[in-house]
Structures are given as C-alpha cells and as structure tokens.
Amino acid sequence: MADRQRKRIGNCYYNPLTHIWTGLPTPPLYNTNQSLGQLILTMLQRCDPEQVTQISADIDQGRPVACREMYLRTVRIAEHLRQLGYGKDTPMAALASRNGEHVAPVMFACFALGIPINTLDVAFNVTDYAHMFNITRPVVVFCEGNILSEVREAAERAKLEPQYILFEEHIEGYRHVEDLLEPTGTEDLFEPAVLDDPSTHIAAILCSSGTTGLSKGVSYSHTFCIANLPSLWYMAATDCLLSFSSLYWLSGFASLIIGTVTQASRVITREPYTPQLAIDMIAHYGVTVAFFSPYQSNLLVHEPALVEADLPQLRLLLCGGARVSKQLYALMRRCLPAHTHIQIGYGMSESCLISLTDGVSYRDDCVGTLQARAEARILDDETGERALPPGEPGEIMIRVQVPFSGYYGNETATADIMGPDGWIRTGDIGYFDADGHLYIIDRKKDIIKYAGNQISPTELETLIKQLPGVLECCVVGVPDEGTDLPAALIIRKPGPAGDALSAGQVQQFVNDEVSYNKRLRGGVYFVSEMPLTPSGKIVRRKCLEIVLNIREGRQASESTARS
C-alpha cells in the first residue's frame, strides 16, 4: 500500500505516507557477483593496451603507466604474494602510503587474491597505528620506508609480528615492493581468486574520519565496491582525474576504483595539496575532472595565480567532504572557467556518495538529489522516530541497496549507526525541499548549546567569512558551567584587510548580525593554519583544543600579572 503512494519527482521518488525519498532503481553498472580484482583486471585487459591509466607527477616530470603495464604489475605482485603464502584465506593486510607509483597495483593484487586490506594514513602517529592494528590484526603491512619505525612500534604495541613490504625507500633486511614486480613468465595465465560470496568477503577497510575521536574500521565487501563506486560520478575513457587524497580517504579510494574501471587516466602525486600545485597539475596534464574538499577549493579560489591560469580542459570540479557555503560556491563559479561544471556531493564512508548536484543549477546549501539505489528520510531530532515532510529539518537517515559490512570487529558501534533494516544515522541535520533536493544545515554532534539554545557553528562560520579579512574560520563551543560558549578560530586573509582585522571587529560584526544568544561569548582567536585531515577537512575537536590552550595561556598571564 505504501509503495503505491510513491510519486515521481524529478529523478527520484517520494512517498508522502512514509516521507521516504528514493533514487532511481537503476541497476549497478557491473556484475556484482565477482571480486573487485576480477572486475579491474578484466577492464585493464579489455581496453587499449597503450591507454594511460596512471601518471605519477613526481617521477620523470610525469611517468605514465599504460593499462597493459598496470595489468602486468598487478599480476606479478599477486603471483609473488601467492608464492609467499598469501591468498583469500589471509585474514588482513594493511597499507600506509601516499599516492606512490606502486600503490595501485598492490591494492589491485590484494583485490584479485581476495586479501582484505586496511588503508591507513601516513600522518598517523604510533598510537593511531596501534589502535587500528588492534582492530584489524594485519599479517602483512605495506608501508613507506620512512615510517617503518613508527609502524613497527605500533605492531609491537598491538602484539603483532607482521611481514613488512616497503614502498619508496629501500631498507636492508626488508622486502621491497619492487621485489614483487619481477617478471614471472606466467602473467597471462593468471587467474584471480574465486570468492565464495563477494557480498560478505571484505575487499577493503577504510577508517572513519577520526575528526571527532579514534577511527573505526569501515568494512567494504567486494559487492559493495562494485555496486556503489563506479557510478559515483560520470567518467569516460577520455577523462583525466586529479585528487590529492590518499587511499585512506573515501575520495582517494573511490578515485582509484572509478578512474581505473572507466579506463580514464589518474594523475597522482605524493606531494601535499597546495593551490599552486593544483593549478600547475591541472594545466600541465590536461586534467578534466578534479576532486577537492571545500577547504582545498577555498584556498584555490583565493590563489592569485588562478586568475591567469589557462584550464581549457577542466570540465568538472567535484567538491565534497564538508559543507560548501554559498559564498564559496559564488567564488568558485566566478574564478573557474565558465565551461567547468561544479558538482557538490554528500555522503559518508559508511554509505559512499548519497546525493550530487547536477553541476549546472545551484541552490544555497543544497547537496543535490539522491543517487541511484539510495533512500533517505528526515527524522524528528527530538524523538528520533517521527518522519518529517519536505521543508522540516531533522536528522538525515540514509539507506543504500548494498550497505557497508559494518565496523570491523565492533558490532556495538555498527548497531549504534545502522539498524537491522539498513537505515544509517548520519548525525547530520538537514531537510528535503518539495522538489527532492537535499539541504545540509549542520552536524548534530557539532551543534553548540548555549543556555538551552541550539546554535549552528556553520551558520556563524558562513557569516564570519563574509568579512573581507577572513580566509578561513572554524566555530567551536567552549565548555563553561552548564553551557557552551561559541568561539571563533580564524585565519586572516593575506593583505591589508587581513592585517587590519581584530577580534573586536569580528565580535562586533557578529553581534550586529545575529540574535543575542548566538554571540561569540567564547572569544575570537587567530592562527596561521587550521588543523586538517590529509584530505583537507578541518578537525573541529583540534580547533577546540587550540582555543582552549590559547585561553589557558591568557588566563595564566593575567593571573601572573595580578600577582
């Protein structure tokens, strides 16, 4: 009965009885009853052998790897790993590396052998590595030579004795990935492992972002990867894709899979993101699709060199991972070529991309309409039960046809975020309009509560960024007796406007624009840089730590002065 009430609105469906929005029921692009490794090797064999699938910008002014060569490297690594005793019964591997030349074939080899692999961040410290090792218990670890000591210490803390295979730096006594690239003479006879059930066999474990605490292991089955990743955004074999994210991040992991399966070219670099480097790479390699976080995009549009840059082939800029304000969108639209579409996406590691704008039209705070095979509804934030109609904000609940496999080794955390019916609690506050467009207001956990009033930090950040001297801003809640005090951490914009900007000016500007309860009672503080994840997300909890440290320092100085 409820399904009969569904009505088509644009490219999705809406049920006015259940208030559930549903994307189009388009089937996955590829057969999901196979391993991800089988799919990737098939696509590498099927395309032009000379088609460039990867360009390493750090080597020889851009070293290309053709599809045939990537196939051979993948198979050689897989065959050598088999000889070492690894296969689909191997419980877990781990990988910690930037976007180096040999990272992709190692990942593909693990997929082909059915070895689950946990991608880690090279910026982790020993405690971070040990935390994830305690969860996933890898028996083989691929890592860069320069972080081997930290990785080994972490393994010792976790009481593990894994085998180590190194990228980049060679260290005596340790196997290097180049050792696994020796020709075998049997490459064209290779057969990937046949999985008993690709829907339950883990392909990869990504880490939850860790912006609010220690990471959890987000498990992806082979079926999940094949069903959800290749169709995230449109790519063709003629495209050239750039993303600075490592495989630790969903954006980096998805770029690897979708770029390879669609037979496009991926430009990779081990260097950290800078706007000038991004401009240079887009221009030099003829990048057609770029995936940047809102923070990276903000730096890009404030880079003076962008005005003079010639980017004739950039057809699409994908922006996701955090909220895109209307001011940032306006700057991107003004600074990027007119032919470049800007698509804003919304999703999470536990679901992949859920919604995406069309790249042409724009609505403030909108993250587009639902992707195929996705569902969403808005629940009343107070009761957590009553579904809400269009226009009413609440917590966003999402469900995908092929869900993630839960948090690895943590059934309690899995049950907290995903019910037995597959609905996932996003922790985000938002709403749908009558046309099926989804809008994000804020993170539920980030809401600041002052004197019983709920304050959106994003609302204050958007307002503060309107000041001419503000480049970036993060608003946090400073704990006080029984309440939280809104405080702003700000990066000044280079130039006269930023040099002249004072805390008093910011507070006065905000006071004039907001209600009494939303004033910056926690203060305004200036820094030269924000604490970021490697993918460019501002880590709000670390911003709060910075604010608290500044406040404690001032209080100590005032106490000393009084004495």
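## Around Asp-380

Leaving aside neighbours within four places in sequence, Asp-380 is in contact with Glu-385, Arg-386 and Leu-388 (contact means heavy atoms within 4.5 Å). This is a predicted model, so local features need pLDDT of at least 70 and side-chain atom pairs count only at pLDDT 80 or more, while totals for chains, interfaces and linings use all residues. Residues are numbered from 1 along each chain as its sequence is written, and side-chain values use heavy atoms, with hydrogens and water left out.

Asp-380 sits in the loop between β20 (374-379) and β21 (394-400). Helices (H or I, at least four residues) and strands (E, at least two) are DSSP runs, numbered from the N terminus. Asp-380 is buried, at a relative accessible area of 15%; buried means under 20%, exposed over 50% and partly exposed in between, with a 1.4 Å probe and protein chains only. From Asp-380 to Glu-182 it is 198 residues in sequence and 59 Å in space, C-alpha to C-alpha.

## The antiparallel sheet

The two strands flanking that loop belong to an open sheet of seven strands, ordered β1-β2-β3-β20-β21-β22-β23, with antiparallel pairing. Two strands count as paired if DSSP finds at least two bridges between them. At the edges stand β1 (7-9) and β23 (438-443), each with a single partner strand, so one side of each has no neighbour in the sheet. From one strand to the next, the twist averages 40°; axes here are lines fitted to C-alpha atoms, for helices over the stretch in contact, and angles run from 0 to 180 degrees between N-to-C directions.

Now for the pairings in the middle. Strand β3 (residues 20-23) pairs with β20 in the antiparallel sense over two bridges, and Thr-22 has Glu-375 in β20 as its bridge partner. β20 and β21 are joined by six antiparallel bridges, with Ala-374 opposite Val-400 in β21. On to β22 (residues 424-432): four bridges join this strand to β21, again running antiparallel, and Gly-394 has Gly-430 in β22 as its bridge partner. Six of the seven residues of β21 are buried, so this strand is largely enclosed by the rest of the structure.

## The mixed sheet and its helices

Another open sheet of seven strands has the order β10-β9-β8-β6-β7-β11-β12, this one with mixed pairing. Its edge strands are β10 (175-176) and β12 (217-221), each pairing on one side only. Strand β6 (residues 93-96) and strand β8 (residues 140-144) run parallel and are joined by four bridges; Ala-93 stands opposite Val-140 in β8.

Two helices lie across this sheet's strands. α3 crosses β6, β7 (117-120), β8, β9 (163-167) and β11 (202-207), running at about 155° to β7. Helix α4 (residues 126-136) lies across β6, β7, β8, β11 and β12, at about 170° to β7.

## Two loop residues with positive phi

Arg-137, in the loop between α4 and β8, has phi near 55°, a positive value in a residue other than glycine. Arg-137 is partly exposed, with a relative accessible area of 33%. Lys-159 isn't a glycine either, yet has a positive phi of about 60°. Lys-159 lies in the loop between α5 (148-157) and β9 and is exposed, with a relative accessible area of 73%.

## Cores and a buried helix

The largest nonpolar core has 124 residues, and Phe-111, Phe-142 and Trp-233 touch the most other members. A nonpolar core is a set of buried Ala, Val, Leu, Ile, Met, Phe, Trp, Tyr and Cys residues joined through side-chain atoms within 4.5 Å. Helix α3 (residues 103-113) gives the most to this core, with ten residues. Beyond four places in sequence, Phe-142 touches residues including Leu-81, Ala-93, Val-106, Ile-117, Phe-167 and Leu-180. A second, separate core of 32 residues includes Tyr-450, Leu-460, Val-506 and Leu-520.

Helix α9 (residues 294-301) has seven of its eight residues buried, so this helix is largely enclosed by the rest of the structure. Among those buried are Pro-294, Tyr-295, Leu-300 and Val-301.

## One cavity

A search of the whole structure finds one cavity of 30 Å³ or more, and the largest cavity holds about 140 Å³ of space. A cavity is a set of points, on a 1 Å grid over the protein atoms alone, where a 1.4 Å probe fits but cannot get out; lining residues have an atom within 4 Å of a point. Grid points are joined across faces, edges and corners, and the volume is the space filled by probe spheres set on the points.

Of the 16 residues lining the largest cavity, Asn-99, Leu-247, Gly-252, Arg-266 and Ile-268 are the closest to its centre. The elements giving two or more residues to the lining are α3, β13 (240-243), α7 (250-261) and β14 (265-268).

Terms used:
On a 1 Å grid over the protein atoms alone, a cavity is a set of points where a 1.4 Å probe fits but cannot get out, and a pocket is an open set with protein on both sides within 12 Å along at least five of seven lines; lining residues have an atom within 4 Å of a point.
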